[in-house]
Amino acid sequence: MKVEGSTGGEEGATRKVQKRELRNGESHNGVKLRGKRRTRRRVQADSSAGIQRLFMACKKVFKGPGTVPEPAEVDMLQQLLDKMRPEDVGLSTDLVFFKSKSASKGTPRITYTTIYKCNNFSMVMFFLPPRAVIPLHNHPGMTVFSKLLLGSMHIKSYDWIEPTSNGLTQPDPLRLAKKVEDSDFTAPCDTSILYPTTGGNMHTFTAITACAVLDVLGPPYSIEEDRDCTYYQDFPYLHHVPHGETDLTAEQRDKLGWLQEIEMPKDLKMDGIEYLGPPIIDT
């Protein structure tokens with residue numbers, strides 16, 4: 001999804017808290033990243049090799065807007081991401097991500113850090129406390145790899161069903177879509193992949209436990225290049241049964257849904273922090 005920072009009067013205070021706590025190795029939400037200033041052990045060289053390999057592969061695979069990686073390139077990236085460990089991006093596997101106090105009050109805030117971004121691709125990590133939700137949103141013209149590094153989350157995704165000549169109507173502003181995924185995932189697990197028109201291009205994440213997910217997007221969001229993020233609300237298929245539809249089974253209906261475009265949810269709160277994991281060398 002497109003990342004948004006804090007706004008308004010709290011931004012300056014938030015940044016001060018972030019800077020102070022990042023010097024101590026954690027964000028204001030309790031996310032701990034191993035900074036290169038604090039970790040000088042030899043093991044860090046091994047960790048940085050993982051993120052460096054992923055970065056170099058992305059440079060070869062993502063060739064810019066309007067392109068989709070070849071199947072062999074997708075397999076290569078998937079294999080690299082499947083092997084990624086929390087330590088490869090500076091996360092500690094034995095630390096509690098979010099303090100119970102901050103995670104239990106009000107709408108959980110989501111934290112993100114941008115590892116790298118260029119015109120062809122971006123690498124971003126999202127940190128979700130329990131109950132946090134990244135709302136249903138799309139990825140226009142993009143191929144996206146999502147790797148759950150820590151924790152458990154529920155993923156639901158959709159692809160559009162194009163209008164046909166079978167007589168079924170799609171009432172404005174609703175549009176028919178098919179479910180691609182509607183399951184719980186727990187790290188370590190396989191990397192999820194979506195494409196511009198398949199693989200669940202519109203998805204939503206709901207944190208079951210505190211979790212961290214690494215997203216690789218190619219190309220990244222860009223308003224200037226008509227790749228802005230659009231949010232949706234989904235409804236069960238029976239919310240509107242099209243006139244003339246008589247032959248779908250209950251199982252078939254359960255795999256369909258209606259999506260309605262909405263504004264970015266007002267309760268979506270995201271805070272950006274500095275990436276302090278193993279550095280990337282752009283050669």
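This passage describes strand β4, the loop before it, and several backbone features of a predicted model.

Strand β4 comprises residues 143-150. The strand is mostly covered, as eight of its eight residues are buried. Two other strands are joined to β4. With β9, which spans residues 211-218, β4 shares seven bridges, and the two strands run antiparallel. With β7, formed by residues 192-194, β4 shares three bridges, and this pair is also antiparallel. Val 144 takes part in both pairings: Leu 217 stands opposite Val 144 in β9, and Leu 194 is the bridge partner of Val 144 in β7.

The loop between β3 (residues 133-137) and β4 contains Asn 138. Asn 138 counts as buried because its relative accessibility is 11%, and the cut-off for a buried residue is under 20%. A polar atom of the Asn 138 side chain lies 2.8 Å from the backbone nitrogen of Thr 230. Thr 230 is also one of the residues that Asn 138 touches when those up to four places away in sequence are not counted. The others in this set are Asn 201, Met 202, Tyr 221, Asp 228, Cys 229 and Tyr 232.

Most peptide bonds are trans, and most residues other than glycine have a negative phi. Exceptions of both kinds occur in the model, beginning with the peptide bonds. The bond from Ala 187 to Pro 188 is cis, with omega near 0°. Pro 188 belongs to the loop between β6 (residues 174-186) and β7. Another cis peptide bond joins Gly 218 and Pro 219, where omega is about -10°. Pro 219 is located in the loop that runs between β9 and β10, the latter strand covering residues 231-236.

Positive phi values are found at Arg 131 and at Asp 226, neither of which is a glycine. For Arg 131, phi is near 80°. This residue lies in the loop between β2 (residues 122-128) and β3. Arg 131 has a relative accessibility of 47% and therefore counts as partly exposed. For Asp 226, phi is about 60°. Asp 226 is in the loop between β9 and β10. With a relative accessible area of 66%, Asp 226 is exposed, since the cut-off for an exposed residue is over 50%.

Notes: Residues are numbered from 1 along each chain as its sequence is written. This is a predicted model: local features need pLDDT of at least 70, side-chain atom pairs count only at pLDDT 80 or more; totals for chains, interfaces and linings use all residues. Side-chain values use heavy atoms; hydrogens and water are left out. Helices (H or I, at least four residues) and strands (E, at least two) are DSSP runs, numbered from the N terminus. Buried means under 20% relative accessible area, exposed over 50%, partly exposed in between (1.4 Å probe, protein chains only). A polar contact is a pair of N or O atoms within 3.5 Å; within protein, one must be able to donate a hydrogen and the other to accept it, and residues adjacent in sequence count only if both atoms are side-chain atoms. Contact means heavy atoms within 4.5 Å. Two strands pair if DSSP finds at least two bridges between them.
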